[in-house]
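Student: I'd like a close look at one part of this model, the spot around its disulfide. Could you start with the overall picture and then walk me in?

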Amino acid sequence: MAYVSVGQVENLEEAIASLQSTYDSMESFCQTQIAIAETKVLEAQQEADNGTKFLDAAIQAEMEAGQKLEQANDQLASANEQLSSAYSSLSVCASSGSYDKEGNYEPPDCSSEEADVATAESAVAEAESAVVAIEKALEVAKDYRMQMQQRSEMAQQCLDMANQLAETVQMECATRLASAAAHLEIGKARL
């Protein structure tokens, strides 16, 4: 029969305590890493939520700009119709000249029709300026929407990666802690 000589029993107790302390440190470290990963998931979720809100707002702004452009185009069409009508009235007025008893041509007084034409031309110019300005605003809204769409997609990718990382950290920690716990029990039994 083989005999083992143990110098001091306290050394065995210290070895067991050291093994337990190492396991406890490892468990604490794993819990810290899991908490960090979960915090990153929460941050990524918040960013994904913000990205969705910003994208929704950008889509709404783009739709509103599109509606404004439609209205501006309608106003431009209406102003062009009024201009056409004013030109027609001016033409009718200009052709309504008459001759007096002596045979002299008397031109008609078309000052109100000329004023209507000038007003209509001004309205067309304003409507055209409005259309150009709103088209620029629509382009800005489209660019912003595309940026927010890209941001939202990137935030969603980050969230997916953070979730995957958190799962990996939890699985790794569970696996390593289980292995360490088994080695701890074996070590305690052997000592």
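Tutor: Sure, and keep in mind that this is a predicted model. Of the protein's 191 residues, 21% count as buried. The secondary structure amounts to two helices and two strands, and from the N terminus on the order is α-β-β-α. The radius of gyration is 42 Å, well over the 16 Å that the globule rule gives for 191 residues, so the protein is more spread out than a compact globule. You can see that in the C-alpha trace too, which spans about 155 × 20 × 15 Å along its principal axes. As for the contacts between residues at least 6 apart in sequence, 82% of them join residues at least 24 apart.

Now for the part you asked about. The count comes to one disulfide, and the partners are cysteine 93 and cysteine 110, with their sulfur atoms 1.9 Å apart. Where do cysteine 93 and cysteine 110 lie? Cysteine 93 is in helix H1 (residues 9-94), while cysteine 110 is in the loop between strand S2 (105-106) and H2, so the bond ties together parts that are 17 residues apart in sequence. The torsion about the S-S bond is about -105 degrees, so this disulfide is left-handed. Both ends are tucked away: cysteine 93 is buried because its relative accessibility is 9%, under the 20% cut-off, and cysteine 110 is buried as well, at 8%.

There are other cysteines to look at along the way. Cysteine 173 is buried, with a relative accessible area of 9%, whereas cysteine 158 is partly exposed at 45%.

Stay at the disulfide, though, as a charged residue touches one end of it. Glutamate 113 sits in helix H2 (residues 111-190). Setting aside neighbours within four places in sequence, glutamate 113 is in contact with Ser89, Leu90 and Cys93. Cys93 is the H1 half of the disulfide, and Ser89 and Leu90 fall within the residue range of that helix too. What does the carboxylate have for company? Glutamate 113 is buried but has no salt bridge, and the nearest side chain of opposite charge, lysine 101, is 25 Å away. What glutamate 113 does have is a polar contact with serine 112, side chain to side chain, at 3.1 Å.

Put together, the spot pairs a left-handed disulfide with a buried glutamate that lacks a salt bridge and is in contact with Cys93.

How values were computed. Residues are numbered from 1 along each chain as its sequence is written. This is a predicted model: local features need pLDDT of at least 70, side-chain atom pairs count only at pLDDT 80 or more; totals for chains, interfaces and linings use all residues. Side-chain values use heavy atoms; hydrogens and water are left out. Helices (H or I, at least four residues) and strands (E, at least two) are DSSP runs, numbered from the N terminus. Buried means under 20% relative accessible area, exposed over 50%, partly exposed in between (1.4 Å probe, protein chains only). Lys and Arg count as positive and Asp and Glu as negative; His and the chain ends are not counted. A salt bridge is a side-chain nitrogen of Lys or Arg within 4 Å of a carboxyl oxygen of Asp or Glu. A polar contact is a pair of N or O atoms within 3.5 Å; within protein, one must be able to donate a hydrogen and the other to accept it, and residues adjacent in sequence count only if both atoms are side-chain atoms. Contact means heavy atoms within 4.5 Å. A disulfide is a pair of cysteine sulfur atoms within 2.5 Å. The radius of gyration is taken over C-alpha atoms; the globule rule is 2.2 Å times the number of residues to the power 0.38.
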